[in-house]
Amino acid sequence: MATVYDVTDWNPQGKSLNVYDDIGAVINAMITDIKSTQSDQAARPGAVIYIPPGDYSLKTRVVIDISNLTIRGSGHGFSSLSIRYNTADTSSWHELNPGSSHVRVENTDGNGEAFIVTREGSPRIGAVVFENFCLDGTSFGSDENSYNNGKTGILIETDNDACRVRDMGMVYLEHALIVHGADALDVSGNFLTECGNCVELLGAGQATRVCDNHIGAGPHGYSLFAENHNGLLISGNNIFPRGIDSVHLRDCFRTNVSSNRMHSFYAGMVTLEGTCKENLISSNMFERQVEGFPPFVDVSNGLDDDFGVVQVNGDGNTIMANHVTLIIPPERLRPAGAVPTVFRIKHGDQNAVGANHVISNLELITVYLDAKTTNSHVFDSGTESQFHSDSKSFGFRPTP
């Protein structure tokens, strides 16, 4: 019974498959073989599918409906396609495309996903691992700065347990990673950048970890979006500019957003939307500047500078010990003459903002409490002149 497969050294009898022409068809045939040889309900160890370094075309979507499957390469291969497409002359470049275990997502089968993980019934699918190869959407069409091409790298469609996406490179995909119904998902050590949306955790989930990644979405998508999650850990990420925001949480509970470096050209770097309760935003580095790359200078996420670098809606959230650098030329404020806000609490009870340090070239409001806030606690996060409240229900201690 085979449990280790090499895509370059496997061709089932009676089938003529060229892995370089369509690696998707080859991997699908391997999964069929795994299911046929592991027919005993009590003994299904799964398998490893290995993608050696090379350039492969994926024309057929891979459908994963078995647990305990690892698809592994030997190198994430990431390189910037945005820089290439926005460079007039690349004739002297050493290389033009991503490398290592490089899979070009060229779907010609009518599907948008390179990989879909899906299985109904019990138990839910689990222990599916994507590791150390590159998924390259190759192009965004006639407008290479649109970040739209209908392509998705990995879609985990049904409830899942203990899946991993690690050490991957994903570039020029409209959606890099979409996961529905995650339990104990691990997304770590990846390069997920220059994608329309990078990480989308949808439906609901618990105990998920998104750590130690390089992430950066296009200007119309999310770098990291999560909804209805409990116990989400977001830590140690380097989040690049241009996403609508760096971290967007909707109706999430007890999330820990800590020790990340976030860089953005727009307001709304971290947004807690809906009813977000008891989340911790701590020890992060926020760098808020303005766009300088010519193709994107006039592009924004549509938010005004009084929206806040961090905006909170919900109860019992803590914003503590963060460093914020906000450097904006006065003429680039949105709208003209706006007073920028750093931490804005729009709605909720018993939110705490404390011991944050803000560096800026502008007069600003470090903490803004809207009228629908109650029992807020604000301390050592700005002077009296930098604090504003439309509510009378708060405690405040200015920075000495």
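These notebook entries record what I looked up in a predicted model.

**Entry 1: the annotated region.** I began with the UniProt record. Its unreviewed entry lists residues 143-286 as "domain: Periplasmic copper-binding protein NosD beta helix". I then examined the chain over residues 143-286 and found 54% strand and 0% helix. The C-alpha atoms at the two ends of this stretch are 30 Å apart.

**Entry 2: strand 7.** I turned next to strand 7, which spans residues 113-117. I noted that this strand is mostly covered, with 5 of its 5 residues buried. I asked which strands pair with strand 7. Strand 4, residues 62-64, pairs with strand 7 in the parallel sense over 3 bridges. Within that pairing, I found Phe115 of strand 7 to be the bridge partner of Val62. Strand 11, residues 152-156, also runs parallel to strand 7, and 4 bridges join the two. Here I recorded Val117 opposite Ile156 of strand 11.

**Entry 3: Asn260.** I located Asn260 in the loop that links strand 26 (256-258) and strand 27 (261-264). Is Asn260 buried or exposed? I classed Asn260 as buried because its relative accessibility is 2%, and buried means under 20%. I then listed the residues that Asn260 touches, leaving aside those up to four places away in sequence. They are Ile234, Ser235, Gly236, Asn237, Ser283, Asn284 and Met285. For Asn237 I noted a further detail: its backbone nitrogen lies 2.9 Å from a polar atom of the Asn260 side chain.

Technical notes
Residues numbered from 1 in each chain as written. Predicted model: local features only at pLDDT ≥ 70, side-chain atom pairs only at ≥ 80, totals over all residues. Heavy atoms only, no water. Helix = DSSP H or I, 4+ residues; strand = E, 2+ residues; numbered from the N terminus. Buried < 20%, exposed > 50% of the residue type's maximum accessible area, 1.4 Å probe, protein only. Polar contact = N/O pair within 3.5 Å; in protein donor to acceptor, adjacent residues only side chain to side chain. Contact = heavy atoms within 4.5 Å. Pairing = 2+ DSSP bridges. UniProt positions renumbered as here; feature names shortened; annotations may be inferred.
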